[in-house]
Amino acid sequence: MLVITRKLEEKITIGNDITISVLGIKGNHIKLGIEAPRHTPIYRTEVYKSIVEENLRAAVVPQDVSLLSSNEQTEVLDE
């Protein structure tokens with residue numbers, strides 16, 4: 001892990017097209033601004049972990065089709 005210190009209004013550049021700016025510091029909280037291309041997903045880590053967990057749960061197909069809703073049962077049986 002690269003550790004960099006920055007002061008208020010200073011920036012960090014990642015690659016050619018991502019810039020992180022320190023916009024504010026209040027106690028233990030730091031407000032960051034992130035400039036990146038629209039196609040670059042940016043998530044807080046806790047949100048990203050939640051998305052990954054939900055995707056993993058959605059990818060698991062129950063062995064017992066009766067556990068699915070009637071619409072999901074139809075989709076599974078049609079496959």
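# A tour from hairpin to nonpolar patch

Start at the turn between strands E2 and E3: these two form a hairpin with two residues between them. Select Gly 27, which sits in that turn with a positive phi of about 65 degrees. Keep in mind throughout that this is a predicted model.

**Stop 1: along the E2-E3 ladder**

Select residues 18-26 for strand E2, then add E3. The two pair in the antiparallel sense, over seven bridges. E3 itself covers residues 29-35.

Walk the ladder away from the turn. Show Lys 26 and His 29: Lys 26 stands opposite His 29 in E3. Next, show Ile 25, which has Ile 30 of E3 opposite. Then pick Val 22; its bridge partner in E3 is Leu 32.

**Stop 2: the other hairpin**

Move to E1, residues 11-14. E1 and E2 also make a hairpin, this one with three residues between the strands. Select Gly 15 in the turn, where phi is positive again, at about 60 degrees. Four bridges join E1 to E2, and the two run antiparallel. For one facing pair, show Ile 12 together with Ile 20 of E2, which stands opposite.

**Stop 3: the sheet as a whole**

Select E1, E2 and E3 together. They form an open sheet of three strands in the order E1-E2-E3, with antiparallel pairing. E1 and E3 are the edge strands, each pairing on one side only. From one strand to the next, the twist averages 25 degrees.

**Stop 4: Ser 21**

Go back to strand E2 and select Ser 21. Is this residue buried or exposed? Ser 21 is buried, because its relative accessible area is 8%, and the cut-off for buried is under 20%.

Now show what Ser 21 touches. Leaving aside residues up to four places away in sequence, its contacts are Glu 10, Lys 11, Lys 31, Leu 32, Gly 33 and Glu 35. Leu 32 is a residue you have already picked, as the bridge partner of Val 22.

**Stop 5: the nonpolar patch**

Switch on the surface. Select Leu 8, Ile 25, Ile 30, Leu 32, Ile 34 and Ile 42. Together they make a nonpolar surface patch of about 570 Å². Which strand gives the most to this patch? Strand E3 does, with three residues. Ile 25 and Ile 30, both patch members, are also the pair that stands opposite across E2 and E3.

Now isolate Leu 8. This patch member lies in the segment before strand E1. Leu 8 counts as partly exposed because its relative accessibility is 46%, and partly exposed lies between the 20% and 50% limits.

**Last stop: zoom out**

Show the whole chain. The protein has two helices and three strands. Read along the sequence, the pattern is β-β-β-α-α, so named from strands and helices numbered from the N terminus.

Colour by burial next. Of the 79 residues, 10% count as buried, Ser 21 being one of the buried residues. The accessible surface comes to about 7500 Å², and 54% of that belongs to carbon and sulfur atoms.

Finish with a contact map. Take contacts between residues at least 6 apart in sequence: 2% of these join residues at least 24 apart.

Definitions and conventions
Residues are numbered from 1 along each chain as its sequence is written. This is a predicted model: local features need pLDDT of at least 70, side-chain atom pairs count only at pLDDT 80 or more; totals for chains, interfaces and linings use all residues. Side-chain values use heavy atoms; hydrogens and water are left out. Patches are made of residues with over 30% relative accessible area and no salt bridge: like charges are joined within 9 Å, nonpolar side chains (Val, Leu, Ile, Met, Phe, Trp, Tyr) within 5 Å. Accessible areas come from the Shrake-Rupley method with a 1.4 Å probe; for residues, only the protein chains shown count as cover. A salt bridge is a side-chain nitrogen of Lys or Arg within 4 Å of a carboxyl oxygen of Asp or Glu. Buried means under 20% relative accessible area, exposed over 50%, partly exposed in between (1.4 Å probe, protein chains only). Two strands pair if DSSP finds at least two bridges between them. Axes are lines fitted to C-alpha atoms, for helices over the stretch in contact, and angles run from 0 to 180 degrees between N-to-C directions. Contact means heavy atoms within 4.5 Å.
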